[in-house]
Amino acid sequence: MPISQLSYEMAHLIGAAVLMAGFQLLYQRRLFAVLNTFAFQAVALAAAAAWQAHIQNAPHLYITAGLALVFKAMIVPFALHWLVEKLGIHRTVETAMSIGWTMMAGVALVALSILLVLPVTVNAAALTRESLALAMSVVLLGLLMMITRHNAVTQVVGFMALENGLILAAVSAKGMPLVVEISIAFSVLVAMTLFGIFFFRIRERFDTLDLNDLETYRGDRQ
Amino acid sequence: MLIAAALSALLALAVLGVLAGGEMWRHRVVYFCCALASLALLIGGLKHLGQTPGTGPAIVLPIGLPWMAAHFRLDNLSALFMVIVNLGTAAASVYGIGYCSHLPEPRRVTPFFPLFLFGMNAVLIADDAFMFLVSWEFMSLASWLLVLADHKNPENRSAAMVYLMMAAFGTFCLLTCFGLLAGPEGAYSFPAMRGGVLEPMTGFLVVLLAVLGAGSKAGLVPLHAWLPLAHPAAPSHVSALMSGVMTKVALYGLIRILFDLHGHVAWGWGAALMVIGGITAVMGVLYAILQDDLKKLLAYSTVENIGVVVIGLGLALAFKDSGEKTLAALALVAGLYHMLNHAIFKTLLFLSAGAVITATGERDLGKLGGLLKRMPWTGAATLVGAAAISALPPLNGFVSEWLIFQSLFKGPGLPHWTMKFGVPVVGAMLALAAALAATCFVRAYGIAFLGRPRSAAAAAAHRLPASMRWTMAMLAVLCIVLGAIPVTVTDALSGVVQPLTGVHFAVSADLGWPWLSPVSSTRGSYSGTVLVMTGLSLFVISILLVHGFGTTKVRRADAWDCGHAEDIPETQYTGQSFAQPLRRVFCSSLFAARETVDMPEPGDQSPARLTVRVIDPIWTYLYLGILRVVDAIADRVNRMQFLTVRRYLLMMFATLVFMLLVVAARQQK
Amino acid sequence: MIAQILALPGFDNPLLWILGVPLGSAGFLAVLKEWRVATWVNVGASGITFASSLLLLERRPEPTRLLFIDDFNIYLVVLTSFIGLTTAVFSAAYIARETEANRLSDLHLRFYHSMYQAFLFTMLLALTANNTGVMWVSVEAATLTTVLMVSLYRTREAIEAAWKYFILCSVGIGLALFGTILVYLAAQPVMGDGADAMAWTLMIKRAHSFQPDLLNLAFVFVLVGYGTKVGLAPLHSWLPDAHAEGPTPISAVLSGLLLNVALYALLRFKMLISANGQALTPGPLLVMMGLSSLFLSAFMLYRRGDIKRLFAYSSIEHMGVITFAFGMGGPLANFAGLMHMTMHSLTKSAIFFAVGIISQNAGTKRIADIRGLTSSHPVLGWGFVLAVLAIAGLPPMGVFMSEFLVVSSTFARQPLLAIPLVLGLLLAFGALVSRLQMMAFGEPPKVAHAHGNASTVSSILALTPLWVHMLLVLVAGLYLPKELVTWFQSVARYLG
Amino acid sequence: MNAVLGQLGQIFLVVALAPLITGWVRLVKSRLNGRIGASPLQPYRDIYRLLQKEAIVAHSASWVFRAAPYVTFAAVWLAACIIPTYTTNMFLAPAADLIALVALLGVARFWTALAGMDVGTAFGGLGASREMMIASLAEPAMLMVSFSLSLISGTTSPTQIIVFILDGGVGIEVSMGLALVALIMVAVAENGRIPIDNPATHLELTMVHEAMVLEYSGRHLALMEGAGMVRLTLFMALIGGIFAPWGIGVPGTGAAGALVGLGAFLAKCFVLATALAFFETAIAKMRVFRYADFLGGALLLGLLATIFLYVSEAV
């Protein structure tokens, strides 16, 4: 099936929504707002996956879309919400770098992604080109979020934003075998379980989720 | 065949050494077998030396680098060094038969001793870079373990540490040097390297690295730091080998690379080597004069002698590059001769130091004295060794120094102005070193063996096993023989230098057998043989004259001492007081030697104190400096162990972005 | 498409056993209650795995879309299953003594054994997978299993180490996935949609027509991603703590196996790049990472007070050397890198075996409290000395041969790069030897610790793997089997 | 004249003449000090007297102490045998050269110093220590002189150098002058003359050579004194022979040449001994730690002598 102009633009639009959500994540100062934004990003991702499934005529991508919608947009934010309340974590986001600088760094990263991806994918299907640039931006923004936040919950969110970027890239890659999607879903599942265990243990021992406290206990101090 | 059998036997002996356990006779058997193996190797080397110049049979073993196999070959140079090495090892092994029972933990010595012998011999016959380095490191490793034999003493541990570090440094230098010689295709066999053509820059680096690599093992200043630490730490028969023999193996490496593998070393390197040698000789002997520890003193004296040899080697290089092949051969013969001699008398002296330490338990000169009476054999042999190392005729040490001086005196004939002006300066350094060496050994021998005992331990020195005494006696005889028949030795050596300098050279061509006349009969000559005969005759005549004209009566009495009759051995000159004039003259600026007198107030009963402070500039500024730098960097780097997860992620992120930028930049091109 | 990938091997195929036995026993051990039996099941399963891996030497199965065996991974599979076996043997002794000291509960032990086999399974799958995606999944799974094992002791330090390990490696593995997707995108126009564009055996043949720029970009992500797992500085941060806080057998397999597998993944991608020909050479990046790892760890070694962290940093150092070698490229350096990988695995796991016993004997991991091992425990002490000397690069052990080749070939081509390499090696050498001397020599401590009197059986059991490894390393330093050399050389050619 | 005969004559001559030269120096010095002084033959009597006395050996001394006088004397004598005095036609000439000469003197010093330390008194050690310090600078200076002479004449053999200079191979050169000064300074130090050492002193703090032989008596002391006298003769022969070789007998001139040579040698010794006495009377002894400056100067002069050869060549 030939891919129409509309299909591109739709795909790019949804991709751009994911990226926008990524920026918003950087911008949020309140923990619950971060979780909500993350949920929004996951929804956008699900939409992107579904759209790709539609235009590539690849039904298995619907599964990915469904997973993203149910798992990332609903269960995870809900679980984190619950954790924050349960553990009584500070509701404000502690940043290591001022929001303004973070945003600027984010813009620079997006520029870098475009600079890198667009020229090199001249021969690739147009569908993939821009999606790839968008996905890479989301990955880098997720990473940026992880390094500019002190709070463990925000870091986890950053990590998952990074994974969202990965999935965006994966679904945009034409004909990529299912195994990848399965693995991503699988890894997120496991990652969550692990996080749960960790949170449980960390609360058990440290009373807080702030990584600054966690890091004071370190072997090999001389 | 003999050699291969002996080497395999040494490996087997190492296993036996492990199995020897606590039974002392088993250890003795191992040492005895080591001596046999050394003798076999010695004979193998001598047999090859007797043949016409040329390379011996090669042995290829299916080990080593997989696509190359291990090559071994005995040529004249290796054969000579095999003789040098195994003279020392044979002596040390025989000595070990008696000595091993005096060691605190013989089980930590016996297994590694044969390995050490194996390593040194394997270096000599290795015919490819890989086996050379494996053997080289084998030698270092075994000797490191031997230095650690008395590991409970923290000083020995730090000595071993410094030693192994320096050894590793040297190995890396040699490794890179061979890498350059082999080229990017990895032609690691020596015959392939010989054929290689080197760029000027590469050639320069090869020589530099060879000098650093072999020099750190041989003990060239400023890479000598490990010698005075490691030699005292090791058991004495091992330190004899490390000092007398292993340093020669290092010089073998240097000669192999500079004269054989590297086709064409520029004369400038010869000049540089001469200067390094001169500095090494003078610094080494000055250090030696300041030492109170018998074995440290000997170790520094080794540094000096290595310097002397290196002067000869440098001179040979300079002559060779300038086309003066005969003079190159002369200088090389002189250097090789000195190595042979040093191997003998330094082994002797270390063995005697071991004997002194065994007999008294002391190695501080300040606690010794009067040992000649308690240990007449050791004392006499040591006297010969001390005289030989002080380059006194008619002993062997003099002959080689004479040859070096002779070739040095021809140095200004070279067309380079650097050499014209530099050679006399190096000559002055060599002369200074030779004179100071005599001072050093007058001091060492006079304080330790003559005079009155300075401690109860020295007064109660006990007899030693026969094997130890005989070893020393044999070495002393060798010192005399090699001095008395120099021409025989140089004739043998000229066969060794022929392939290296490309000219057949006979130092006795002009006047015939007993006369050593390096250039021509009218250009200065020497005959140890004639000198010994005449000297002995004059000695006998003096005795006859004196006894003929006068009385032979002798009366024993108390020492007169200008009327200050006393019975306190402490009033004798000590090592430190003996060194005082020299310390003031030579060391006040070089070592920042300072004396402070702490004189009590009048009426105060406390004793006055004289404190001597000497700073070793090389150790303080070079080695400790490096250590400080490493420490400071390590402190800074260590902060990275204690960052937060977020910062680690930041590092990762930065790496990623950096690499992306690199790719972006490279793609734009 | 799925069926294509999941075409399972038949019973006569050794790969079935190599992968099936660890997976099956992981499940079995998860329900097995008696830990004493479990240790032996663990050993037995690893033994069967090793035995079946030896069958590969006889007969290589045909590559499928899922699994394949070639010159590169064959020896790694054998090596992995071998170290898996020896570590299992060591682990049996180690666990016995840990339970004596009441440090581990039964539940923990069940979990431990099950995870051990699961870990082996993921390692072997990553090595044999003929699909970039499957390989990625296995490496991810390997991370998860080891995270759980690192946190086994439930101490604050262990949890923190595991947390750090988990976060950093998850991010790394995410980046690696992005790289994998990029490679797929580069391959897809040539290979067509589907699993063909992810199969090593197929991709390598047509890699020359891949989009080179995309490969460049992909390689950066793969390098940072898998490089984190390899422990290249400055991505190394998880490694020392994860090694130090987990049970010692896990440190042994982390250093000896996991790092190799991650490096293997990295090298597979490098093969694609060099087969492509037009892509930028990744050499400079690898050399840079190699040198930074070497220097960082060399200096770090001087400040380590914890014996396990010390050797963890030494692993970073060696990974740096290996990466450097592959960065230099050329037949000699690549050969050296492959050899160094093998030798490092054997030696480092041997060191960790020794370290495990040492710290159990001494009751501490503090270097300052460990003294005079060659006097107090001669067999262990001398084995430890031999192993540390081997890892420090002294002949006649195997590491020397590889370092010889790396340094000499580098110096002949790029003296300016070789100088820092040599300096770094020398620095690391100094740190290791000084620590070695502190621990192995000197007066042993007077007080005999409570754990110092283990039964002879368990101490022989604990020491055998150590000496077996050292014997292999010793032999390899002087003699390499012809087959291994041929494999190394053919892989070295592919690596460019 | 036969080389063997020439050699035998030389061997005899140096021993026979040595006390006379020492006696002459002492006589001139006495006269300069305003004393009458003993006969120049007095040293012969002294030595004979010492030979008749029994030798006293300290309890703490070993065989080194007793052997040292003989070794010292034989070494110095051997060294003196190879420096041509009255003829260059000597059998032993090729057996040793200037380097060997330095070393032979070194043998004598080595044994004397050891003997000084053997008794185990403070003075013996003091003497040995100072003597070796002096030697450590004097020996290199002497070797540098040999170096420059070897560069000028192309040989290190004293006989050959004399032959070369006699043949007019060298004119008046800066280097020769520098070498001469250096050699004289070395000779002063080697023989223990003022300003380095005072052979007549027994003041504890200043003695060097005397401190070493303090414990000797009888025939041992005779030998030690004799060795000193021969050494002085040796240096006079060396200086006189190389810097004023005229008159010395060369091969082929027969007995007449030898006689002329003998006369020339006696004349040179007479002049040098008188000059030495004047010199010693005119100056004062140095402090011990100033020796280094004096002898370091000699060493540098020797070095300069070699370097000046090329400077003059280049100009």
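**Exercise 1. State which domains are assigned in chain B of this predicted model, and how far apart their centres lie.**

Step 1. The domain assignment of chain B lists domain 1, covering 573–613, and domain 2, covering 623–668.
Step 2. Between the C-alpha centres of domain 1 of chain B and domain 2 of chain B there are 51 Å.

**Exercise 2. Find where confidence is lowest and where it is highest in chain B.**

Step 1. Begin with the whole chain: the average pLDDT of chain B is 88, and 98% of the residues score at least 70.
Step 2. The lowest confidence in chain B belongs to strand 1 (residues 58–61), with a mean of 82.
Step 3. The highest belongs to helix 15 (residues 376–389) of chain B, at 94.

**Exercise 3. Describe the side of chain B that touches chain D.**

Step 1. Count the residues: chain B brings 74 to the contact and chain D brings 73.
Step 2. Locate them: elements of chain B that give two or more residues to this side include helix 14 (371–374), helix 16 (396–409), helix 21 (528–549) and helix 22 (575–590).
Step 3. Pick out the main contributor: helix 17 of chain B gives the most, with 15 residues.
Step 4. Sort by class: the side of chain B that touches chain D holds 43 nonpolar, 21 polar and ten charged residues.

**Exercise 4. Determine how strand 3 of chain B is joined to chain D.**

Step 1. Strand 3 (554–557) of chain B is among the elements on the side that touches chain D.
Step 2. Four bridges connect strand 3 of chain B with strand 1 (residues 55–58) of chain D, and the two strands run parallel.
Step 3. For a single pair, take Arg556(B): its bridge partner in strand 1 of chain D is Val57(D).

Notes:
Residues numbered from 1 in each chain as written. Chains lettered and ligands numbered in written order. Predicted model: local features only at pLDDT ≥ 70, side-chain atom pairs only at ≥ 80, totals over all residues. pLDDT = per-residue confidence, 0-100. Nonpolar A, V, L, I, M, F, W, Y, C, P; charged D, E, K, R; others polar. Pairing = 2+ DSSP bridges. Domains from an automatic or database assignment.
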